Amino acid sequence: MSVDQTRVRVTEEPLGQIELALAARNHALPLEALAYDVTPSGLHYLLSHYDVPYVALDSWRLTIDGLVDEPLILTLDDLRARPNVTRTVTMECAGNGRALMSPRASGQPWLLGAVGNAVWTGTPLRGVLDDAGVQPDAVEVVFTGTDLGMEDGAIEPYGRSLEVGELGTDEILLVWGMNDAPLLPQHGAPLRLLVPGWYGMASVKWLTSITAVDKPFQGHHQVREYRLRQEPEEPGVPLGRMRVRSLMTPPGVPDYPDRRRYLDTGSHLVRGRAWSGEARIETVELSTNSGASWEPASLGEQTDPRCWREWGWSWRVREPGEYTLICRATDADGRTQPLTDDWNLGGYAANAAQRVEVSVR
């Protein structure tokens with residue numbers, strides 16, 4: 001597989017103008033916003049690959065075609081008239097933590113905040129596909145947005161596919177609502193796909209067509225991006241579900257602009273969230289001695305396996321000094337966050353335990 005060498009770059013240099021421009025267009029969740037059970041829409045992480053398209057609702061339609069018995073053309077009112085589902089789901093960008101890898105891969109320079117937990121409202125995708133009648137020869141279903149970009153010398157819309165076998169439950173939704181309000185333009189209005197448990201690249205925004213096909217989809221963001229590989233010419237391993245992860249709200253108060261944390265001796269409650277795309281969160285642990293020993297955090301309820309879980313840990317600091325707090329989570333299938341990430345060319349799927357430097361007075 002040939003890979004565009006201009007898009008494959010790793011560097012030890014400071015952030016350049018291209019990455020700074022990306023960082024200005026997109027935004028992360030401020031870690032102090034982990035305090036919200038449901039992330040306010042304006043604080044939820046945001047990534048747009050290309051321009052945010054203007055979509056006129058009166059002319060917008062969703063087309064379901066390809067290898068189906070009954071092609072469909074649906075308005076938003078048609079979709080709203082179908083069975084409605086409201087579900088709280090955590091979504092994380094596959095590049096979350098990219099800027100912490102060394103050497104750093106090109107792309108959106110995420111630190112740790114490319115995540116959010118929102119209440120999504122929509123209708124199950126499976127019901128729409130059942131009405132269209134996906135034919136036995138179909139192997140994948142392709143989801144295409146209206147956002148356009150130049151890739152491999154040609155203009156193409158953002159698109160992703162899922163194998164037909166992954167579409168057999170009511171978990172995947174066509175959503176028009178976020179946090180009890182219509183989707184905002186930057187979050188994919190009027191309609192987006194929601195694939196709970198998967199990294200955010202699968203939840204195609206500004207959805208305009210769903211097409212059943214008889215061979216694997218070859219779109220740029222399917223075969224050239226969102227794959228784990230060490231060398232540009234490798235086909236790589238495609239990304240899917242989110243790896244287990246925990247994040248803490250850094251305790252104390254920050255300085256500016258370094259945002260190092262400062263607090264006094266005494267008792268402090270350290271709080272955070274943990275999630276996994278594979279299974280429920282089982283434990284969260286914290287260390288103040290570089291992982292030589294760990295203490296368990298208290299866990300809140302996890303009402304939905306696709307929703308993050310709150311945790312808290314009481315830290316009694318008796319001596320002033322410099323400390324490094326580390327948190328790590330383990331899910332019900334025994335997956336535990338590593339202390340360091342396995343490097344890959346795209347800077348994807350980082351889930352190393354978070355470290356926070358704290359100065360105690």
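A patch, as the word is used here, is made of residues with over 30% relative accessible area and no salt bridge, and its nonpolar side chains are joined within 5 Å. With that in mind, let's look at this predicted model, beginning at its surface.

Leu 148, Met 150 and Ile 155 form a nonpolar patch there, and together they have about 340 Å² of accessible area. Leu 148 belongs to strand β7, which covers residues 140–151. Is Leu 148 buried or exposed? Its relative accessibility is 52%, so Leu 148 counts as exposed, the cut-off for that class being over 50%.

Now for the spaces in the structure. The largest pocket holds about 1,100 Å³ of space. It is lined by 37 residues, and those closest to its centre are Leu 31, Leu 100, Leu 111, Leu 112 and Gly 113. Strand β24 (residues 354–360) gives the largest share of this pocket's lining, with 4 residues.

How many cavities of 30 Å³ or more does a search of the whole structure find? The search turns up 1. The largest cavity has a volume of about 210 Å³. Among the 18 residues lining the largest cavity, Leu 47, Arg 192, Gly 200, Ser 203 and Lys 205 are the closest to its centre.

Here is how the two linings divide by class:

| Lining | Nonpolar | Polar | Charged |
|---|---|---|---|
| Largest pocket | 19 residues | 8 residues | 10 residues |
| Largest cavity | 10 residues | 5 residues | 3 residues |

How values were computed: Residues are numbered from 1 along each chain as its sequence is written. This is a predicted model: local features need pLDDT of at least 70, side-chain atom pairs count only at pLDDT 80 or more; totals for chains, interfaces and linings use all residues. Side-chain values use heavy atoms; hydrogens and water are left out. Patches are made of residues with over 30% relative accessible area and no salt bridge: like charges are joined within 9 Å, nonpolar side chains (Val, Leu, Ile, Met, Phe, Trp, Tyr) within 5 Å. Accessible areas come from the Shrake-Rupley method with a 1.4 Å probe; for residues, only the protein chains shown count as cover. A salt bridge is a side-chain nitrogen of Lys or Arg within 4 Å of a carboxyl oxygen of Asp or Glu. Helices (H or I, at least four residues) and strands (E, at least two) are DSSP runs, numbered from the N terminus. Buried means under 20% relative accessible area, exposed over 50%, partly exposed in between (1.4 Å probe, protein chains only). On a 1 Å grid over the protein atoms alone, a cavity is a set of points where a 1.4 Å probe fits but cannot get out, and a pocket is an open set with protein on both sides within 12 Å along at least five of seven lines; lining residues have an atom within 4 Å of a point. Grid points are joined across faces, edges and corners, and a volume is the space filled by probe spheres set on the points. Ala, Val, Leu, Ile, Met, Phe, Trp, Tyr, Cys and Pro count as nonpolar, Asp, Glu, Lys and Arg as charged, and the others, Gly among them, as polar.
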